[in-house]
Every structure is written in structure tokens, then in C-alpha cells.
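The exercises below are meant to be worked through with the sequence and the structure side by side. Try each task before reading its solution.

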Amino acid sequence: MIIDIKKLKDNATLPTQGHKGDAGFDLYACVDEPVIIESGETVKIPTGLSIAVPDGYFGAVFARSGLATKQGLRPANCVGVCDAPYRGEYIVALHNDSQEDRIVNHGDRIAQLIIIPFLSVEFNQVDELSETERGIGGFGSTGN
């Protein structure tokens, strides 16, 4: 699949894969100066990119495991959903879960983007749902 991408700033970095076959493509910070994210704070970090995700897919923005575990930086909404019709700049709201201030520099890898297909559905309101073995058993209902 080929996806059109537009640099909104000349110094923006196109997404890259760490290894061929990886699901995620690294997204990079496109900032004019270093950005300090204080402990417990959320800051929106621009990528300088706009992406034309095809119909039937969405761009899912996930944490980079190393950034999250080593520096405590992760997308504030845990998983960002970029719908196919969206043509604005991809911006990652990074949250600092650590006890220390963190600095994001231009060109830092800040998240990963995975293009995911989805099913288009409609909801049908009914008075009753079909029966299942599990039924209404919720949190902890399996005994674990």
C-alpha cells in the first residue's frame, strides 16, 4: 500500500521503520526549539506532516516502548486515532509520567504510527440481545 504524505515544514522527517516488516513507523518531533515537558504535564508536539490515510483505515498513534519505559513519555490519550478524512497536521500529545522534566528536541522519535483497517458498522437498537454463555459477566467474572 502506498500512502500520500505531505511535509508541512521543510525540516519535517518522514516516518521510518526500525526494521523491515515492523508494524509501526516512527513519528518525529518537528519543533523550532527544544520543548520541556514537566513531570505530570502534557504537551502537544507537532510532526510537520499531514497523511492521507485511505478509506477503510485509520492511523493509530501508539507509544514507542523505549521512550515510555526509559523516559516515561507516552501519548496522553494512550492511542491516538487519526481518521482517514483528516488532512491536518499529525500532532502527538506527549504526557510525562516520570518524576523528572523531559526535553524533546527536533528530530526525536516521539511515537509510532500503525495504519489499521476497520469495519464500517451501523448500530441497531433492540430491546433484547442474543444470549451467550458468558452473559453479563464483567470485570473478574472468569475468576482470575
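**Exercise 1.** With the side chain of which residue does the side chain of serine 98 make a polar contact?

*Solution.* Keep in mind from the start that this is a predicted model. Begin by placing the residue: serine 98 lies in the loop between β9 and β10, the latter spanning residues 102–104. Next, follow its side chain, which makes a polar contact of 3.4 Å with the side chain of arginine 102, and which also reaches the backbone oxygen of glutamate 100 at 2.8 Å. Then look further along the chain: when residues up to four places away in sequence are not counted, serine 98 touches Ser39, Gly40, Gln71 and Gly72. Finally, consider its accessibility; buried means under 20% relative accessible area, and because the value for serine 98 is 11%, this residue counts as buried.

**Exercise 2.** Describe the sheet that contains β9, and find the bridge partners that residues of the other strands have in it.

*Solution.* First, write down the order of the strands: this is an open sheet of three strands, arranged β4-β9-β7, with antiparallel pairing. In this arrangement β4 and β7 each have a single partner strand and stand at the edges, so one side of each is left without a neighbour in the sheet. From one strand to the next, the twist averages 40 degrees. Now take the two pairings in turn. Five bridges connect β4 with β9 in the antiparallel sense, and here lysine 44 has alanine 93 in β9 as its bridge partner. Between β7 and β9, which also run antiparallel, there are three bridges; in β9, leucine 94 is the bridge partner of proline 75, while histidine 95 is the bridge partner of arginine 74.

**Exercise 3.** What is the order of the strands in the open sheet of four strands, and which strands are its edge strands?

*Solution.* The order in this open sheet is β2-β11-β6-β8, and the pairing is antiparallel. Its edge strands are β2 (25–28) and β8 (80–83), each of which pairs on one side only. Neighbouring strands are turned by 35 degrees against each other on average, direction ignored. For a detailed view, turn to β6 (residues 57–62) and β11 (residues 109–117), which run antiparallel and are joined by six bridges; along this pairing, valine 61 stands opposite leucine 113 in β11.

**Exercise 4.** Follow the chain out of β6 to arginine 64, and describe the surroundings of this residue.

*Solution.* Arginine 64 lies in the loop between β6 and α1, a helix that covers residues 65–71. Its relative accessible area is 16%, and therefore arginine 64 is buried. Its side chain is joined to that of aspartate 26 by a polar contact of 3.0 Å. If neighbours within four places in sequence are left aside, the residues in contact with arginine 64 are Asp26, Arg109, Ile110, Ala111 and Gln112.

**Exercise 5.** Which members of the largest nonpolar core touch the most other members, and which element gives the largest share?

*Solution.* The core has 21 residues, of which Ile37, Ile45, Val61, Val92, Leu94, Val104 and Ile110 touch the most other members. Two or more residues each come from β3 (35–37), β4 (42–46), β9 (91–96) and β11, and β11 gives the largest share, with three residues. As a general background, nonpolar side chains tend to be buried together in soluble globular proteins. To see one member in detail, take isoleucine 45, whose contacts beyond four places in sequence include Ala29, Val31, Val35, Tyr90 and Ile91.

**Exercise 6.** Are tyrosine 86 and tyrosine 90 buried or partly exposed, and how many aromatic pairs does the whole structure hold?

*Solution.* Across the whole structure, the search finds two aromatic pairs. One of them joins tyrosine 86 and tyrosine 90 at 6.1 Å centre to centre, with 40 degrees between the planes, and is tilted. To compare the partners, look at their accessibility: tyrosine 86 counts as partly exposed at 37%, whereas tyrosine 90 counts as buried at 2%.

Technical notes: Residues numbered from 1 in each chain as written. Predicted model: local features only at pLDDT ≥ 70, side-chain atom pairs only at ≥ 80, totals over all residues. Heavy atoms only, no water. Pairing = 2+ DSSP bridges. Axes fitted to C-alpha atoms, helices over the stretch in contact; angles between N-to-C directions. Phe/Tyr/Trp six-rings, centres within 6.5 Å; stacked < 30°, edge-to-face > 60°. Buried < 20%, exposed > 50% of the residue type's maximum accessible area, 1.4 Å probe, protein only. Polar contact = N/O pair within 3.5 Å; in protein donor to acceptor, adjacent residues only side chain to side chain. Contact = heavy atoms within 4.5 Å. Core = buried A, V, L, I, M, F, W, Y, C linked by side-chain atoms within 4.5 Å.
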